[in-house]
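Here's a quick briefing to read with the model open beside you. Have a look around first, then work through the bullets by topic.

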Amino acid sequence: MSALRLLAEQDPGELVEGLTAVGRGIVYGGAAIGPGIGIGIVVGNAITAMARQPESAGVVRTTMFLGIAFTEALALFGFVLSFIISG
Amino acid sequence: MLGLEFPPISELVEWKSFGPGGLNKVGLIYVVSALLTIAFFMTAVAKGRKQRVPTGVAAIAESSVDFVRNQIIMQTMGTEGMVYLPLLATMFFFIFFSNIFEIIPGVQFPANARIAMPIVLALLVWLIFNVAGIVKQGPIQYFKGILFPPGVPKALYLLVTPIELVSTLLVRPLSLSVRLFANMLAGHLILATFAVLSAALFSASISIVVMPFSFLLLVFLMGFEILVSFLQAFIFTILAAVYIGGAVHPEH
Amino acid sequence: MRIRHCFAGIGVAALSTVAFAAPAFAAEGEGAEAELTEVQEHCIHLLEAGGDPEDCHEAPSPILPATNELIWGSAAFLVLFGFMWKFGLPAVRTMMQTREEGIRSDLERAESAKGEAEDLLVEYRAQLADARDEAGRIIEEARAAADSMRRDLIARAEGEASDLRSRAAEDIRLAGSRAMADLQSRVADLSIELAERIVERSLDRETQLALVESYINQVGSK
């Protein structure tokens with residue numbers, strides 16, 4: 001109850017600002033989940049491949065970085081989106 | 001709470017212009033990195049002509065050109081992609097040098113943390129791979145290859161065609177520019193955060209105990225950002241090569 | 001050693017980070033303040049023109065490209081691209097090519113020199129073998145010559161010896177026959193003489209004997 005009253009007494013602009021900050025955090029946090037798992041899968045499989053065939057490590061490494069770049073792009077979209085969100 | 005005054009982001013990435021034509025720190029970094037690359041190659045060529053076995057600058061220049069040639073172009077386009085060597089090498093060095101200013105003391109700002117140049121470069125790549133595809137395959141064949149990729153059941157075109165259209169013509173330049181921009185911005189923010197944190201902990205009396213950890217992490221992150229600077233230049237260039245190669249050789 | 005250098009570099013970089021962070025930050029602050037005043041001026045202009053006060057608070061989003069950076073960055077990129085296209089990469093390529101050719105020609109030269117040396121070696125070996133054969137042949141010839149000469153000498157010596165011997169035998173034979181002839185003539189003379197004497201003086205037996213005896217003695221003493 002007191003929290004609601006506190007909110008009600010606040011300046012609406014500040015409330016929006018605070019909620020924006022929370023939203024930014026949620027956006028970036030949510031956007032980082034999937035790529036986090038994805039990068040884990042990419043790197044894990046790349047390491048398996050390198051361990052199985054050390055002679056093809058160079059090609060695997062290049063492809064791994066490409067895969068990471070593609071996967072990471074999603075997290076970065078979230079990162080950028082969190083800047084776009086503004087009060 | 002902690003007495004930590006974290007500056008707002010606009011203060012960290014926006015710079016007042018001080019020169020003609022709105023030249024500010026970011027523009028200056030771009031100019032300096034272009035000049036650095038030029039000086040680097042001039043020195044390398046001047047030194048390398050006299051040497052039997054290249055050492056120092058000449059060896060670095062040669063091996064980096066070899067790197068662009070063998071690791072980026074040969075892996076994605078093959079020998080006929082050598083036409084794009086000047087463009088891709090320029091991109092690689094330009095992006096790398098403007099990134100590496102992230103950790104140069106006294107500058108400490110990756111110019112690509114401002115979205116202007118990443119957008120320009122991504123649009124350039126977009127333009128080049130489209131033009132190359134149209135010139136090589138003819139406009140009808142090229143857009144048919146994009147919109148109706150072979151080997152897909154007819155019914156699926158309803159789903160595939162819009163996705164391909166968006167992903168090739170829209171998401172590619174967007175992701176290319178945003179990847180570079182966001183990586184460098186994030187790196188800059190992380191470094192700034194830990195620098196501010198280290199400074200704050202240094203000034204506070206009791207929390208100086210944990211200051212070394214924050215500081216060590218800062219040191220580690222600086223090393224990491226060197227890697228990121230290189231990696232982003234590499235990834236930007238290799239993706240540009242992949243896109244151009246894909247437009248020139250539709251079967252890959 | 002390199003790792004130590006690396007660590008030293010990282011340490012220096014980190015220290016300078018801290019050292020520079022504060023001034024950089026301060027500068028940023030000042031810059032921001034200056035920007036703020038600029039923004040305020042801009043705001044005042046806007047307000048004077050009868051704009052909305054809300055416009056003043058809008059900070060430029062970090063997502064939007066700044067025109068000045070775009071211009072300068074593009075200019076720098078174009079200059080660099082022109083340089084790399086026209087000068088940098090061709091120069092590096094020619095540098096690498098000239099070195100490659102230099103190394104290749106060196107290798108070829110070394111290869112040919114090696115071939116030449118091998119040829120020369122073969123030639124020398126052949127010459128050496130020839131010389132050895134020659135020497136053997138010469139020795140053989142010399143030996144043969146010496147042999148034949150010896151045989152010659154021996155034959156000649158033998159011939160001379162047999163010559164000498166046969167001449168000696170001839171001499172002896174001649175001497176013998178001459179002696180015999182001499183003896184015969186002498187015996188005949190003596191016999192005639194003896195017969196003359198015997199006939200001259202018919203002697204008694206004892207005188208005869210004494211005569212023969214004396215004659216034989218005479219002949220024997222001769």
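**A serine inside chain B**

Setting aside residues within four places in sequence, B:Ser229 is in contact with B:Phe96, B:Asn99, B:Ile100, B:Glu102 and B:Met184, contact meaning heavy atoms within 4.5 Å. This is a predicted model, where local features need pLDDT of at least 70, side-chain atom pairs count only at pLDDT 80 or more, and totals for chains, interfaces and linings use all residues. Residues are numbered from 1 along each chain as its sequence is written, chains are lettered from A and ligands numbered from 1 in the order in which they are written, and side-chain values use heavy atoms, with hydrogens and water left out.

**More on that serine**

- B:Ser229 sits in helix H8 of chain B; helices (H or I, at least four residues) and strands (E, at least two) are DSSP runs, numbered from the N terminus.
- With a relative accessibility of 0%, B:Ser229 counts as buried; the cut-offs are under 20% relative accessible area for buried, over 50% for exposed, and partly exposed in between (1.4 Å probe, protein chains only).

**Chain B overall**

- Chain B has eight helices and zero strands, so to speak an α-α-α-α-α-α-α-α pattern when read along the sequence.
- Of its 252 residues, 54% are buried.
- Take the contacts in chain B between residues at least 6 apart in sequence: 68% of them join residues at least 24 apart.
- Chain B has an accessible surface of about 11,200 Å², with 75% of that belonging to carbon and sulfur atoms; accessible areas come from the Shrake-Rupley method with a 1.4 Å probe, and for residues only the protein chains shown count as cover.

**The nonpolar core**

- The largest nonpolar core holds 98 residues, and B:Phe41 and B:Phe94 touch the most other members. Such a core is a set of buried Ala, Val, Leu, Ile, Met, Phe, Trp, Tyr and Cys residues joined through side-chain atoms within 4.5 Å.
- Helix H8 (residues 211-248) of chain B gives the most to this core, at 17 residues.
- Neighbours within four places aside, B:Phe41 has contacts in two chains: B:Ala61, B:Val65 and B:Phe93, plus C:Phe83, C:Met84, C:Gly88 and C:Val92.

**A patch on the surface**

- Five residues, B:Phe202, B:Ile208, B:Val209, B:Val210 and B:Phe213, make a nonpolar surface patch with about 520 Å² of accessible area together. Patches are made of residues with over 30% relative accessible area and no salt bridge, with like charges joined within 9 Å and nonpolar side chains (Val, Leu, Ile, Met, Phe, Trp, Tyr) within 5 Å.
- B:Ile208 lies in the loop between helix H7 (157-203) and H8 of chain B, and is partly exposed at 37% relative accessible area.

**Around B:Phe148**

- B:Phe148 is in the loop between helix H6 (139-147) and H7 of chain B, partly exposed with a relative accessible area of 37%.
- Not counting residues up to four places away in sequence, B:Phe148 touches B:Phe143, B:Tyr157 and B:Thr161.
- B:Thr161 belongs to helix H7 and is buried at 15% relative accessibility.
- The C-alpha atoms of B:Phe148 and B:Leu165 are 9.4 Å apart, with their positions 17 residues apart along the chain.

**A backbone oddity**

- Most residues other than glycine have a negative phi.
- B:Gln108 has a positive phi, near 50°.
- B:Gln108 is in the loop between helix H4 (85-100) and helix H5 (116-137) of chain B, and at 14% relative accessibility is buried.

**Interfaces**

- Chains B and C bury about 4,700 Å² between them, 74% of it on carbon and sulfur atoms; buried area is the accessible area (1.4 Å probe) that two parts lose on being put together, summed over both.
- That contact takes 58 residues from chain B and 48 from chain C.
- There are two salt bridges between chain B and chain C, a salt bridge being a side-chain nitrogen of Lys or Arg within 4 Å of a carboxyl oxygen of Asp or Glu.
- C:Glu69 forms a salt bridge with B:Arg114, with the closest N and O atoms 3.1 Å apart.
- Between chain A and chain B, about 1,400 Å² is buried, and carbon and sulfur atoms give 83% of it.
- Zero salt bridges are found across the interface of chain A and chain B.
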